[in-house]
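The exercises below concern a predicted model, and each one pairs a task with a solution worked out in steps. Please keep the sequence and the coordinates at hand while reading.

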Amino acid sequence: MPPSHRTSSRTALRTWMTLAAAAAAISTLAGCASSSMGDGRSQSVVRHGIPGSNFPISNAVEIPPGATTVYLSGQVPPVVDASKPANDPAAYGGDTRAQTIGVLTTIDKQLKAMGLTMKDVVKMQVFLVADPAKGNKMDFAGFMQGYTQFFGTAEQPNLPSRSAFQIAALANPAWYVEIEVTAVRMPK
């Protein structure tokens, strides 16, 4: 190859490498702007209500980039009356409503120990067992009475997305409720 063509090829290669480096730098800067939400999106959790409904759950929840997701294991009712046998529902509050309050109180304490609150809960899964006092059906109304003491209140209006299931049994036949939640820790 004549020397003039080698010089042309080298110049073209340098030009191409310079343009590629510039494109990579622009792409990196655009990514930084996007991850810092410079694109106009909110830096907070977005909770979408159920259209035309006041049911106290979110239809969907969006988590912004940079937030940390915290998954809490399922919690079951705490013992509230140690004088009762471990297989007696009364040892754990008796009914679904009382057991729900006990479970959510435990979750609230667990979140606070991690520097979070119930306001940070974005997802909830609820497992309910049939209550013999309710015709061997889950006591969804009792669950809701306990749930609405923690979510959708004036003090704590944030609503998680949520699923509730009736299941055959939990590890202890005296338990009517198990709840697991996902929370979000926002960047500082």
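**Exercise 1.** Determine which residue of β6 is the bridge partner of Phe-127, and then place this pair within the pairing of β4 and β6.

*Solution.* The bridge partner of Phe-127 in β6 is Glu-178. Moving from this pair to the strands, one finds that β4 covers residues 121–129 and is joined to β6 by seven bridges, the two strands running antiparallel.

**Exercise 2.** Establish how β3 pairs with β6, and arrange the strands of the open sheet in their order.

*Solution.* Begin with the individual bridges: Tyr-71 has Thr-182 as its bridge partner in β6, while Thr-69 stands opposite Val-184 of that strand. In total, four bridges pair β3 (residues 68–71) with β6 (residues 177–185) in the antiparallel sense. The next step is the sheet, which is open, has four strands in the order β3-β6-β4-β5 and shows mixed pairing. Because β3 and β5 (161–167) each have a single partner strand, they stand at the edges, and one side of each is left without a neighbour in the sheet. From one strand to the next, the twist averages 10°.

**Exercise 3.** Describe which strands α2 lies across and which strands α3 lies across, with the angles involved.

*Solution.* Taking α2 to begin with, one sees that this helix lies across β4 and β6 and runs at about 30° to β6. The helix α3, in turn, lies across β4, β5 and β6, and its direction is at about 145° to β5.

**Exercise 4.** Identify the residues with the most contacts inside the largest nonpolar core, and trace which elements contribute to this core.

*Solution.* The largest nonpolar core holds 25 residues, and Ile-107, Phe-151 and Ile-179 have the most contacts inside it. Two or more residues of this core are given by each of α2 (96–113), β4, α3 (140–147) and β6, with the largest share, five residues, coming from α2. For Phe-151, leaving aside residues up to four places away in sequence, the residues touched include Leu-104, Met-118, Val-121, Met-124 and Pro-160. Apart from this core lies another one, of six residues, among them Ala-91, Tyr-92, Val-129 and Leu-170.

**Exercise 5.** Summarise the protein as a whole, from its order of elements to its share of buried residues.

*Solution.* Three helices and six strands are present, and from the N terminus on they follow the order α-β-β-β-α-β-α-β-β. Of the 188 residues, 31% are buried. Among contacts with a separation of 6 or more, 73% are between residues 24 or more positions apart. Finally, the protein exposes about 10800 Å², of which carbon and sulfur atoms supply 58%.

Technical notes. Residues are numbered from 1 along each chain as its sequence is written. This is a predicted model: local features need pLDDT of at least 70, side-chain atom pairs count only at pLDDT 80 or more; totals for chains, interfaces and linings use all residues. Side-chain values use heavy atoms; hydrogens and water are left out. Buried means under 20% relative accessible area, exposed over 50%, partly exposed in between (1.4 Å probe, protein chains only). Contact means heavy atoms within 4.5 Å. Accessible areas come from the Shrake-Rupley method with a 1.4 Å probe; for residues, only the protein chains shown count as cover. Two strands pair if DSSP finds at least two bridges between them. A nonpolar core is a set of buried Ala, Val, Leu, Ile, Met, Phe, Trp, Tyr and Cys residues joined through side-chain atoms within 4.5 Å. Axes are lines fitted to C-alpha atoms, for helices over the stretch in contact, and angles run from 0 to 180 degrees between N-to-C directions.
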